[in-house]
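Trainee: I should like to learn how to read helix ends and internal cavities in a model. May we work through an example together?

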Amino acid sequence: MTSLIKKNASGNADNGDANRLINEVVGVPGGIGEAARRARAAAYDEFLRGLLPARDGVALMAVGGLGRRQCAPYGDLDLVLLHAGVPGTDELAASVWYPIWDAGLRLDHSVRTISEALSVAQDDVKVALGLLDARLVVGDQALADALTRTAADHWRRTAVRQLPGLREVTVARWQAHGELAFLLEGDLKEAAGGLRDVGLLRAISAAGITDALRPAVRAAHLRLLDTRDALHQQVGRRVDRLVAQERDGVAALLGVEDGDALLRRVAGDARTVSHALDDAFRAADRLRSGRSRGGNGTPVRRPVARDVVEHDGELVLARTAIGARPDPSLSLRVAAAAATTRLPIARATCEWLAAYSPPLPAPWPAEARAALTTLLGAGPGLVPAWETCDRYGLVDGWLPEWTRLRSLPQHNPVHRYTLDRHLVQAAHEASRHAREVDRPDLLLLGALLHDIGKGLPGDHSTVGVPLAETVATRVGLPAPEVALIGTLVRLHLLLPDVATRRDLADPVTIASVAEAVGDTGTLDLLHALVCADAAATGPAAWSDWKGRLVAELVARVRTALDTGVLPEPPAPDPALLAGPLPVVHLTGDRVAVAAADRRGLLATVAGCLALHRLEVLSADASVVDGRALVECRVQPRYGLPADPVPLRADLRRAVAGDVSVIQRLRGRALAARGSGAAPRVVWHREAATDAVLLELRAADAAGLLYRVAGALDEAGALVRAARISTLGADVVDAFYLVGGWPDDATRARLEAAVLAAV
């Protein structure tokens, strides 16, 4: 066969024509479902048989998806050319591999004898697993049978020894790709709970260690395969990550209501797979080590909590608990014991609790409430214990609201988890701050409930208050504590919003927060909740700069609550008030400039910073003793710090009016104009002592502050402070404009100038 398209450096066809050639040359059918996957496998088999005439001593073996007859629309081929030492094997292999590449197919290939294949499998557990799926496509049947029979026997004999190493590789993969059940854009194959893990379950079952492929796992596997097939078909190429922009299209191909419903289905299937693999690995551990066994080889039972004992590395119910009518708090106490000991709950125990635990009364007894606090405060053991209980429906018995929250996507770029996992993760993070507050139990419960209003119409901080108070009442908290839980939910965004969008030196800012919070105990709870919420959201939700701002706000509000006196605003840097002008100071993330009193200094400084790829996080402008002062907090836009020498030189020249620098600023500003949804301006008349607050909500873009500050200056507005808050691809920029600005027409003119600059 002549080469149909040019192969790239890896030997695979360039992607532009590959998909067309797969269909034209190989005749691979599309479609979703088990029948379509088998039809694709049959088409590949027919194509491959045409490349290698049947002969003794040679067998073309399919492994991977083709070996299992589970071919994705744009999957790759895994082939082994098995031979019995016949001459001319290299030439024979080339006659097979090159037509496959010419057909636009991705190929993983090897040429081996039986002894070579088994030797590689001995050293590489991935190869050993692959041979379990080996299937003859064409060639010597006896040779192929010898390999499959020997490979299966070899795996059964060595699996228990090889699984620890395989588990290490698997855990590393999980750490790299995350948990499919909780990710908004997870990898259907590589993430924990994905298709790769089903392969491990199949291997553990083949070793006879445990029945890992129960009906629920097989059903979840088929749905994940269907989702991957639909994703390939939707995108038109091989891709395994279910990204947000493809979800609705994939859902339509699968007949699922929408992208959110698809994400929730994938999450449920991934949980099923993950839980089964955890059980399978534990069974292998017990078989290998005989852990916790006595001298006669029987497992040792060790009490760990009331009605809970450790048995062979798992938690089970004590015999007395099973014999008597269980009390309603039993499932919570078992969960708390699992979280604190970091031991898994046995599957049979979970099934028994799900079947026989009576419902909790309302309000809860004190024992159940204490067990919930222990569970939420257990630290790293909370998430796996909670997830296990959730898989068996126990959490729905504790919190009926959980059904709506389970696997709910959060359409916000800073969130990495679905809502249910975010809430549990927030409680875990809150346990790190338990010693910093007077009521750690309320902090933990507030963290679990702080976003309970999400998914419902309206502001979730407001909508969630009655829901959280209902849960707190059911749990058995007294009325004042129920009200405090409601306050935590209502105000959980107050501190970060104010810290990043308002002038912390303005007495009105501090007074308004102090009035909303009411007392230092609530302030401490909110501060701890903010830190926990941010850590549970993802790295984009927090930074050292934001942490410092929130801490500064908390310190100022605490002073106001303790003394009744609003703290004085910080004095300007004395170094800016001395020496010849201009003065430029660069220290860490701070840029400070002093120049002769003139308008437009903020815009000029912001433009220079944008020119050097620095984002402005906050800016303060003032005039002291005839000097115009601008102080900014900055961070690199692309992660690399700016070179201080040219930055300092450009700042000095720009504030001195150098025309060449100004022209560079204007050129960069025009080139960096953003796009997206229409920008919006919001006015806040009572948010400052001597100014009006103009809040701009727009798409983020380099040089935005320079353009907007310049527009404000040209329109006659004096900016004394600016706060820049970036939320994914959008920004909320707040500008403190000196004066009252009472005239509607003047405000409309200023608003139009700002929107035109954006």
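Trainee: Which residue takes a positive phi just after helix 9?

Mentor: Please bear in mind that this is a predicted model. The residue is Gly236, with a phi of about 85°.

Trainee: How far apart are the end C-alpha atoms of helix 9, and what span should its 21 residues have?

Mentor: One compares an expected length with the distance in the model. At 1.5 Å a residue, helix 9 (residues 215-235) should span 30 Å, and because its end C-alpha atoms are 30 Å apart, the two agree.

Trainee: Which residues of helix 9 are buried?

Mentor: Among them are Val217, Ala220, Leu224, Leu225 and Leu231. The buried set also includes Asp226, Arg228 and Asp229, as well as His221 and His232.

Trainee: How does one find empty space, and how many cavities of 30 Å³ or more are counted here?

Mentor: A probe the size of a water molecule is rolled over the atoms, and this shows where empty space is left. In this model the count is four cavities of 30 Å³ or more.

Trainee: What lines the largest cavity?

Mentor: This cavity holds about 70 Å³ of space. Its lining includes Phe182, Arg271, Trp386, Glu387 and Asp420. Helix 16 (382-391) and helix 19 (419-430) each supply at least two lining residues, and helix 16 gives the most, with four. By class, the lining has five nonpolar, no polar and five charged residues.

Trainee: What is the make-up of the lining of the second largest cavity, by class?

Mentor: That lining has eight nonpolar, no polar and one charged residues. Glu401, Trp402 and Ile452 are among the residues around the second largest cavity, whose space is about 40 Å³.

Key. Residues are numbered from 1 along each chain as its sequence is written. This is a predicted model: local features need pLDDT of at least 70, side-chain atom pairs count only at pLDDT 80 or more; totals for chains, interfaces and linings use all residues. Side-chain values use heavy atoms; hydrogens and water are left out. The expected span of a helix is 1.5 Å times one less than its number of residues. Buried means under 20% relative accessible area, exposed over 50%, partly exposed in between (1.4 Å probe, protein chains only). On a 1 Å grid over the protein atoms alone, a cavity is a set of points where a 1.4 Å probe fits but cannot get out, and a pocket is an open set with protein on both sides within 12 Å along at least five of seven lines; lining residues have an atom within 4 Å of a point. Grid points are joined across faces, edges and corners, and a volume is the space filled by probe spheres set on the points. Ala, Val, Leu, Ile, Met, Phe, Trp, Tyr, Cys and Pro count as nonpolar, Asp, Glu, Lys and Arg as charged, and the others, Gly among them, as polar.
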